[in-house]
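Biologist: Before the terms are used, I should like each of them set against its criterion. Could you take me through the reasoning step by step?

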Amino acid sequence: MCGIIGYSGPKEPLPILIGGLSRLEYRGYDSAGVAILDGEKLTIEKKEGKLQILKDHLENSKINGNIGIGHTRWATHGVPNDVNAHPHSDNQKEFAIIHNGIIENYAEMKDDLLKEDFIFESDTDTEVVAVELGNQWTGRLLETVTNVAKKLDGTYALVVTSTKEPGTIVAGRMMSPLVLGVGEGETFLASDSAAILEHTNKMIFLENGDFVEITNGKFKLFDINMNEISREIQEIDWKVSEAEKSGYDHFMYKEILEQAEVIERTISGRLEVGSEEIPIDLNKAKGFEKIWIVACGTAYHAGLFGKDLFEKVLGVPVSVELASEFRYREPIVGKNDLGIVISQSGETMDTIAATELLKENGSHVLALVNVVGSSLARMADSVFYLHVGPEIGVASTKAYLGMLVGQLLLAKHWDSEGKLDTSFDEIKQLPALIEKTFECEDQVKKISKSINEKNDIYFIGRGLDYALAAEGALKLKEISYLHAEALAAGELKHGTLALIEEGTPIIVTASQHHLLDKTTSNVQEVKARGAYVIAVGDSSSKKLQDISNDYITLPEASEMLSTVISIIPLQFIAYHVANLNGESIDQPRNLAKSVTVE
Ligand code: M6R
């Protein structure tokens with residue numbers, strides 16, 4: 001959460017900062033700001049609201065300099081306004097700091113500084129760090145920042161510049177992501193590699209406790225005690241165009257339509273028996289006593305899908321856990337267990353903490369992540385990259401599909417007895433099948449008109465279809481702001497059926513043939529109470545088709561792949577309903593991509 005960008009080099013920083021912030025806006029969009037250092041002249045400009053407001057404000061201003069830092073904010077401490085926006089300054093206005101994370105002991109530090117007559121303008125935890133920097137100046141920026149960092153409890157990616165040492169940026173991280181972009185005679189900083197990809201694909205992913213001193217475009221890495229360290233430079237193979245809207249109105253829509261192409265990459269090289277791209281082989285997989293799938297949000301929903309598959313092929317119990325809950329209870333994790341942590345960003349704070357817990361208990365951790373070099377990828381014992389490219393829309397779409405397919409590939413490789421009703425040959429056809437599923441979009445657009453004004457929408461399904469329903473409901477509510485709830489279809493009559501009345505939309509996913517009759521009976525029950533039923537299934541579900549108000553027919557495929565592609569109509573429903581209602585699809589209110597705070 002919160003986007004960070006920094007630049008040191010021969011070019012004018014302002015256009016680079018604005019370009020980077022535009023790519024980072026999905027990380028937070030309640031205010032934005034920049035600080036530019038020109039020799040000993042420090043200029044800070046910041047504005048409440050979307051980045052465009054800052055851009056308009058800066059349109060005719062010429063702020064030249066040799067160093068710049070910029071920030072887009074997702075508020076934690078203090079309401080979104082101009083004053084609480086970053087960068088923040090010390091009392092003498094000699095330091096500029098931007099910060100991602102939460103300083104937990106800021107109140108105590110603030111009390112101490114107030115006793116020494118320092119003053120504060122904002123309600124943020126970050127300003128306390130800025131004021132403390134002014135208070136602790138030692139004569140060298142790196143030393144001052146590391147000294148102050150030693151006093152901080154909590155999480156941070158900090159970027160600091162100061163008139164006291166013109167030409168230098170110092171940055172450091174603890175639990176919040178920070179990437180260094182290595183250019184020719186220039187150095188970039190960002191919270192996310194996609195923000196600087198247009199300038200360089202050579203990146204260093206800073207580790208917790210790493211600090212960097214950048215002077216005139218050149219950098220040196222240090223630990224918190226100022227011992228020089230080195231880190232590997234990684235080359236990122238994402239295409240710049242993947243992080244651009246390329247003429248589409250919304251990233252989310254572009255990312256839905258990219259799914260055929262990106263899934264081609266997810267499966268590539270992973271369909272052959274014995275593929276080295278499968279990080280855990282069958283023998284090892286069979287040896288685990290229990291599997292814990294741990295994740296948040298959409299990634300958790302993907303885990304619900306994986307549970308059934310892994311239990312079926314390995315005969316090992318699987319527990320799917322919300323990372324934010326798992327980390328604070330005392331799960332009985334053993335050293336012969338496998339933890340599968342799932343995350344698009346690889347930076348979700350709760351999932352990282354859950355991973356630490358799994359590792360502390362000696363279990364093997366396999367990370368299914370999208371972002372190469374992310375924290376989870378580095379922490380895990382084994383990594384399976386989704387390879388779906390940068391996902392910018394806050395509402396996850398292609399990464400979710402990548403998570404389903406990733407787990408399906410693992411399960412298929414572990415399926416020694418052929419228990420899954422699909423083959424590698426069929427999985428190879430998945431991109432074409434996804435393409436064919438896109439044909440439902442016009443029908444979905446019409447259906448969306450019948451639900452965009454309803455207040456409550458229910459998604460139901462059984463088995464794997466329930467996992468899909470959970471994701472369908474989340475997609476709809478996060479971008480349309482309508483109340484949507486997912487239920488295992490058999491649970492309706494245990495309470496929620498009381499809410500069903502004339503015209504209540506019920507969206508049914510029914511790809512599981514062996515459960516079709518049961519699901520159809522549940523649909524009869526809601527129909528009898530006047531519900532408006534929209535069902536997603538294949539052409540064999542005649543009875544369900546007959547009783548549904550709208551029926552979205554999936555292309556012919558095995559039951560397993562039908563389930564996988566069922567998410568596409570649900571993604572289209574969420575997108576078109578939100579679009580009809582004129583909502584800010586890529587930047588839904590109160591949310592941000594990559595939840596790096598608790
Ligand atoms: O980066 P992660 O996959 O770990 O993120 C987890 C959730 O924050 C994320 O899936 C969130 O629920 C999405 N906004 C849903 O669309």
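The exchange below takes up sheets, buried charges and aromatic pairs in turn.

Modeller: This is a predicted model, in which local features need pLDDT of at least 70 and side-chain atom pairs count only at pLDDT 80 or more, while totals for chains, interfaces and linings use all residues. Residues are numbered from 1 along each chain as its sequence is written, and side-chain values use heavy atoms, with hydrogens and water left out.

Biologist: What makes strand 8 and strand 12 a pair, and in which sense do they run?

Modeller: Strands are DSSP runs of E of at least two residues, and helices are runs of H or I of at least four, both numbered from the N terminus. Two strands pair if DSSP finds at least two bridges between them. Strand 8 (residues 168–174) and strand 12 (residues 211–215) share five bridges in the antiparallel sense, so the criterion is met. Within this pairing, Val-170 stands opposite Glu-213.

Biologist: In what order do the seven strands of the open sheet follow one another, and why do strand 5 and strand 14 stand at the edges?

Modeller: The order is 5-6-7-8-12-13-14, with antiparallel pairing. Strand 5 (88–89) and strand 14 (228–229) each have a single partner strand, so one side of each is left without a neighbour in the sheet.

Biologist: Why is Arg-173 said to have no salt bridge?

Modeller: A salt bridge is a side-chain nitrogen of Lys or Arg within 4 Å of a carboxyl oxygen of Asp or Glu. Arg-173, in strand 8, has Glu-347 as its nearest side chain of opposite charge, 4.5 Å away, so the criterion is not met. Arg-173 is nonetheless buried, a term that means under 20% relative accessible area (exposed is over 50%, partly exposed in between; 1.4 Å probe, protein chains only).

Biologist: Which residue of helix 4 is buried without a salt bridge?

Modeller: Glu-127 lies in helix 4, and its nearest side chain of opposite charge, Lys-110, is 5.6 Å away. Glu-127 is buried and has no salt bridge. Its contacts (heavy atoms within 4.5 Å) include His-88, Ser-89 and Phe-120.

Biologist: How do you know that strand 23 is covered on both faces?

Modeller: Six of the six residues of strand 23 (residues 505–510) are buried. Pro-505, Ile-507 and Thr-509 lie on one side, and Ile-506, Val-508 and Ala-510 on the other. In a regular strand the side chains alternate between the two faces of the sheet.

Biologist: Which strands run parallel to strand 23, and over how many bridges?

Modeller: Strand 21 (residues 456–461) is joined to strand 23 by three bridges, and strand 24 (residues 532–537) by six. Ile-506 stands opposite Tyr-458 of strand 21 and opposite Val-533 of strand 24.

Biologist: How many aromatic pairs are there, and why is that of Tyr-7 and Phe-188 called tilted?

Modeller: The whole structure holds seven aromatic pairs. The rings of Tyr-7 and Phe-188 have centres 5.1 Å apart and planes at 50°, so the pair is tilted. Rings of Phe, Tyr and Trp (its six-membered ring) pair if their centres lie within 6.5 Å; planes under 30 degrees apart count as stacked, over 60 as edge-to-face and the rest as tilted.

Biologist: What makes Tyr-7 and Phe-188 buried?

Modeller: Tyr-7 has a relative accessible area of 0%, and Phe-188 likewise has 0%, so each falls within the definition of buried.

Technical notes
Lys, Arg positive; Asp, Glu negative; His and termini not counted. Lists of a residue's contacts leave out its neighbours within four places in sequence.
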